[in-house]
Every structure is written in C-alpha cells, then in structure tokens.
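Trainee: I would like to go through the aromatic rings and one polar residue here. Can we take them one at a time?

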Amino acid sequence: MSSEQGNASYGHKEFKRSKSHFADRVTADGADGWPVEAGRYRLVVSRACPWAGRAMVARRLLGLEDALSLGVTDPVQDDRSWRFTLDPDDRDPVLGIRFLSEAYEARETGYPGGVSVPAIVDVPSGKLVTNDFQQITLDLATEWSALHREGAPDLYPEPLRDEIDTVMEGIYRDVNNGVYRAGFAPDQSTYESAYRDLFRRLELTSERLASRRYLVGDTITEADIRLFSTLVRFDAVYHGHFKCNRRKLSEDPVLSAYARDLFQTPGFGDTIDFDHIKRHYYQVHTGINPTAVVPLGPDLSGWLTPHHREELGGRPFGDGTPPGPVPAGEEVPATGQPGA
C-alpha cells in the first residue's frame, strides 16, 4: 500500500497497481547483495494494509519474529509518508527515522515514487532493501528456511507451486486488486467492470472451497494467506467504502466460514487490527470519503464464532505445528480486536 499520491486524489483516476521499484531480494546466497542474516533487517508494515498483512502472517507462521524485527506505522499516513507516530518520540526505535520515506531516500536520493509497505530495511545502513510485496512472502517461505522455527509449515511446497501460482493469479487480479479497482473507479463503467470481475471470482472461489478446506492441497499455503488478507477486510471496509456491496462476506456461508477458520488459526487473526484497518481506509482516502468519518459498524464479533471447516479434513500446518504466542510488544490492542 503506497503513499504515492495525495490522499485527496484517490478515486479521481483509474486504479493501477504499480510495480515495485525496489525489487532486490534477500536470499540465502545473497545474490543481490542482501544475504539472509538474523537480526540484520527490519520488516516495516502497516496493520491496515493487506499486502503488509500477508508479510506479517507469513512471518508469524514461519517463526521469524526473532530473526526479522517488526516496525509498525501509524495507520493514517499523511502526504509525506508512512509515519512512526506509534513509537516514543515519533521515531522507529530501531531505525531511528520518523518517516519510512527516509529509508527510501537513503537507498535512492531524490526517489520520486510512492512509499509503500511492506518494506524490508537494512538496519546497519538504514537503506530500503525491497518493497516487492509479491516476492517478500515467497522469499520468507523459501530463502529464509534456515531461520524458520522448528515445525514451521511449508507455505510454498514445490510440487504444488504451479497450481498455487495459477490460483493466486486470478485472486490477485480480480480480488486483491479488484476491490481497489472498484473503490477507486473514476467512472461508472470502470466500477461496474471491476465489481463484476470481483464477484465472479469470489463465486468461483466459494465453489472451490465448498468441498476443500484450503485453496491448494490440504494445508495452508501462500494462496490462502493472499486471499485471507482481502477477505478479512471485506465487511469492515470494502463492502461500504469501496462499494463492493453485492453481498457481505458474512452472507456467503462458504467464504465466511473459510475466513473465520483462518482468522482463528494462530498466525492469522492475531495480526489483524480492525481499528487500524477502518481508520486508514476511511480517514486516508479523502478523495472518496471527504468527511473522513469512520463508521462504527459493522459488528465484527462473528469472526470468533464456530466455522466447522475442520469437518472437511485438512492439516493446517501439514507435518508441522502452530506458531507460538505473539511476541511481547506485537500484540494487537483490544481496540482492534473483534467485539471491541
């Protein structure tokens, strides 16, 4: 999620997801100059952002909390950048910066593009390494394996990668991006096209999940993480704010139960802050919500209700185990949890 344009400009031109400008990778062999190394890098996120949310879920499931530290920004960024106003003295305690843009500037002086999360920053130099939201989670699952916790699941199993990639491509185009294409549509025809693509893909996905617990195979994979990141925000913001209102997620028995199943799985719901999500979308996108009024609803307590998806079988973590408790200091405040 990027702060590339002024907040008031949202909704005045057709949405197009820009490619990541900084596409270096942190890899086991350090081919791009950034070798995997415990404690060297910091993952900067906003809990409001679905793309950053994916990285947080992967980090939790893989047990990388001690190896890759976490910086959380204020959900309401201004036109300068994502801000560290949740930290003492309004500075990230590890990087020492007030705005994420400072890490971008350290990497490329005069960088003119958007400042997006998730971002991996090299702590010793203070330079941005990558903002490639598509690749970050795949590399956490594969390149960082030497630092995974014991019992970490295989989120991108090699025998299933072609199927995972195919499923993710449609979900990325029509769902992950589709809600934005609808929400930021500058005209009726653009909106209607995105709306139809979104709900057609959701219907196909609902049919796929009616008889299987997870999207690919019988365990949680990267595909589930990517779909979850949009579904968990659907009723809270996309249904109303982005006019994706054919039906609520809670009105689709299959997708609702699937999303609740994941939410109640350690590593998923314990990264979600509904307060951050709602305040970001409704207060930042002043081009489509000029009053910046944040709605009190909807009732989100349903996220904690039984889902019965275990009746379909499946092994959430394969031959592995659930992640441990959320590290101290990374807990979601009560104000961001369902029922708050």
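Trainee: How many aromatic pairs does a search of the whole structure find?

Mentor: Keep in mind that this is a predicted model. Rings count as a pair if their centres lie within 6.5 Å. Searching the whole structure on that basis gives a total of 24.

Trainee: Are the rings of Phe-22 and Tyr-111 stacked, tilted or edge-to-face?

Mentor: Their centres are 5.0 Å apart, and their planes meet at 55°. Stacked needs under 30 degrees and edge-to-face over 60. The angle fits neither, so the pair is tilted.

Trainee: How many residues apart are Phe-22 and Tyr-111?

Mentor: Phe-22 sits in the segment before strand S1 (41–45). Tyr-111 is in the loop between helix H2 (101–107) and strand S3 (119–122). The pair links distant parts of the chain, and the separation is 89 residues.

Trainee: Is Phe-22 buried or exposed?

Mentor: The cut-off for buried is under 20% relative accessible area. Phe-22 has 4%, so Phe-22 is buried. Its partner Tyr-111, at 13%, also counts as buried.

Trainee: Where is Asn-131 found?

Mentor: Asn-131 has 4% relative accessibility and therefore counts as buried. Along the chain, Asn-131 lies between strand S4 (127–130) and helix H3 (133–142), in the loop.

Trainee: Which side chain does a polar contact of 3.2 Å join to that of Asn-131?

Mentor: The side chain of Asn-131 has a polar contact of 3.4 Å with that of Tyr-104. That is not the value you gave. The contact of 3.2 Å is with Ser-116.

Terms used:
Residues numbered from 1 in each chain as written. Predicted model: local features only at pLDDT ≥ 70, side-chain atom pairs only at ≥ 80, totals over all residues. Heavy atoms only, no water. Phe/Tyr/Trp six-rings, centres within 6.5 Å; stacked < 30°, edge-to-face > 60°. Helix = DSSP H or I, 4+ residues; strand = E, 2+ residues; numbered from the N terminus. Buried < 20%, exposed > 50% of the residue type's maximum accessible area, 1.4 Å probe, protein only. Polar contact = N/O pair within 3.5 Å; in protein donor to acceptor, adjacent residues only side chain to side chain.
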